[in-house]
Amino acid sequence: SLSSVYRRARVTRVDVYHDFHVAFAKMMIAIVGFRGMMGGIWTGQASELPGLTPSGMLHQLCDVFEEPLKEEQLHMDELRSMVALVFRHLDRDGTEEISCSEFVQSFVAHDAIKIEDAVRFFSADSGRQVLLHRVLDDSQRRRRDSLRT
């Protein structure tokens, strides 16, 4: 039930160091998934991949919702409406294509760690922590220790 989801979220222990490992894995899975959706383009820079179009998204989601469509729990016009709505939200730059970057950002949108956080965490300037942050969060020390080994 929805209340059990809220309860689990409320009692989930935050571990920034662990969350980085999970975030990196999810970002890589998102890129692999995007490359697969685009026809299995496994080489080249992700930024050079073609974008996902509304018709490409519809094609992918027809597979996702194959059973509800067959059982007529969902109709194709409803799926098209769903695609139009979701596509508008994922296409952040309004180009009518979802780039790999937009896809990855949406994949981790509700996670604790975002791409910007990873950049800040591992940048050379990350040593400039405020005292309270250093006292409450040992993730910077754990990062330094991991890099030494």
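Student: Why is glutamate 102 said to have no salt bridge?

Tutor: A salt bridge requires a side-chain nitrogen of Lys or Arg within 4 Å of a carboxyl oxygen of Asp or Glu, and for glutamate 102 the nearest side chain of opposite charge, arginine 92, is 6.3 Å away. Lys and Arg count as positive here and Asp and Glu as negative, while His and the chain ends are not counted. Please keep in mind that this is a predicted model, in which local features need pLDDT of at least 70 and side-chain atom pairs count only at pLDDT 80 or more, whereas totals for chains, interfaces and linings use all residues. Residues are numbered from 1 along each chain as its sequence is written, and side-chain values use heavy atoms, with hydrogens and water left out.

Student: Where does glutamate 102 lie, and which residues does it touch?

Tutor: Glutamate 102 belongs to helix H6, where helices are DSSP runs (H or I, at least four residues) numbered from the N terminus, as are strands (E, at least two). Leaving out residues up to four places away in sequence, glutamate 102 touches Leu90, Asp91, Arg92, Asp93 and Glu97, contact being heavy atoms within 4.5 Å.

Student: What is the nearest side chain of opposite charge to arginine 35?

Tutor: That side chain is glutamate 48, at 8.3 Å, and arginine 35 is buried yet has no salt bridge. Arginine 35 sits in helix H2, which covers residues 16–37, and beyond its neighbours within four places in sequence it is in contact with residues including Trp42, Gln45 and Leu49.

Student: How many salt bridges does the whole structure have, and what makes lysine 26 and aspartate 111 one of them?

Tutor: The search finds two, and in one of them the closest N and O atoms of lysine 26 and aspartate 111 are 2.9 Å apart. Lysine 26 is in helix H2 and aspartate 111 in the loop between H6 and helix H7 (115–122), so this pair ties together parts that are 85 residues apart in sequence. In the other, lysine 70 and glutamate 66 have their closest N and O atoms 3.1 Å apart, and both residues lie in helix H4 (residues 66–70), four residues apart, about one turn of the helix.

Student: Why is lysine 70 called exposed, and why is glutamate 66 called partly exposed?

Tutor: Exposed means over 50% relative accessible area, buried under 20%, and partly exposed in between (1.4 Å probe, protein chains only). Lysine 70 has 62% and therefore counts as exposed, while glutamate 66, at 39%, counts as partly exposed. Lysine 26 is likewise partly exposed at 27%.

Student: Why is the pair of phenylalanine 34 and phenylalanine 103 called tilted?

Tutor: Rings of Phe, Tyr and Trp (its six-membered ring) pair if their centres lie within 6.5 Å, and planes under 30 degrees apart count as stacked, over 60 as edge-to-face and the rest as tilted. For phenylalanine 34 and phenylalanine 103 the centres are 5.6 Å apart and the planes meet at 45 degrees, hence the word tilted. Phenylalanine 34 lies in helix H2 and phenylalanine 103 in helix H6 (residues 100–107), so the pair ties together parts that are 69 residues apart in sequence. Phenylalanine 34 is buried at 0% relative accessibility, and phenylalanine 103 is buried at 16%. Together with Phe107, Phe34 and Phe103 form one aromatic cluster.

Student: How many disulfides are counted?

Tutor: The count is zero, a disulfide being a pair of cysteine sulfur atoms within 2.5 Å. Cysteine 62 is partly exposed at 21%, whereas cysteine 100 is buried at 5%.
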